[in-house]
Amino acid sequence: MTTERDVAEVRSVVYRMAGAFSAKDVDGVMATFVGQGVTVVGTGSDEVRFGPEAVRLQVARDISEVDTLSFGMDHVRVDVLGDAAFAFADTVINASVGSEIIRFPIRNTFGLVRTEAGWLIAQIHTSVASHQQDEGRSFPVRLTKTLSSLLTSIDNAAGSSAVQSKSLG
């Protein structure tokens with residue numbers, strides 16, 4: 001049974017992690033995670049990390065790339081299912097690199113587990129909304145149409161047998 005206390009504690013852990021990240025405190029971020037079994041998936045193609053050592057390296061890399069950093073989370077939605085909890089937040093990362101200001105909207109999903117030490121983060125998945133996908137659509141139709149047009153033009157230029165031989169059509 002979900003209690004208000006569980007929800008508040010889960011939110012507190014998520015906000016504490018974001019605060020430690022904003023403070024560029026690697027140890028503070030790591031203190032919000034479970035030990036073994038932690039997984040972090042970022043937005044970069046090389047940002048899939050398993051285990052505390054790999055996650056620590058990713059957090060340190062993230063923090064080292066910016067001069068200043070802050071996470072804006074207006075509301076964290078929390079669902080608690082026994083000793084597991086899931087949280088979601090629309091987040092805006094604000095950072096500076098030299099004189100350049102970066103504003104990066106992301107979506108975070110957190111998986112937390114109740115431990116003897118309290119709630120800890122077992123998994124974070126970060127995503128970025130696709131600008132190729134129209135609102136109200138489940139797939140990036142504009143991108144699909146562009147690729148389809150490209151393949152059709154290749155087909156017309158090379159002949160359909162050339163495209164079929166390359167398993168494109």
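**View 1. The largest pocket of this predicted model encloses about 550 Å³ of space.** A pocket here is an open set of points on a 1 Å grid over the protein atoms alone, where a 1.4 Å probe fits and protein lies on both sides within 12 Å along at least five of seven lines, and its volume is the space filled by probe spheres set on the points. The model is predicted, with local features needing pLDDT of at least 70 and side-chain atom pairs pLDDT 80 or more, whereas totals for chains, interfaces and linings use all residues. Residues are numbered from 1 along each chain, and side-chain values use heavy atoms, without hydrogens or water.

**View 2. The lining of the largest pocket comprises 25 residues (each with an atom within 4 Å of a point).** Phe21, Glu47, Asp62, Phe71 and Ile93 lie nearest the pocket centre. Helix H3 gives the most to this lining, with 5 residues, and the lining divides into 16 nonpolar, 5 polar and 4 charged residues, where Pro counts as nonpolar and Gly as polar.

**View 3. The largest nonpolar core holds 38 residues, of which Phe33, Phe110 and Leu112 touch the most other members.** Such a core is a set of buried (under 20% relative accessible area, 1.4 Å probe) nonpolar residues, from Ala to Cys but without Pro, joined through side-chain atoms within 4.5 Å. Helix H1 (a DSSP run of at least four residues, H or I) gives the most to this core, with 8 residues.

**View 4. Phenylalanine 110 and its contacts (heavy atoms within 4.5 Å).** Leaving aside residues up to four places away in sequence, Phe110 touches ten-membered surroundings that include Val14, Met17, Met73, Phe86 and Ile124.

Key: Buried < 20%, exposed > 50% of the residue type's maximum accessible area, 1.4 Å probe, protein only. Helix = DSSP H or I, 4+ residues; strand = E, 2+ residues; numbered from the N terminus.
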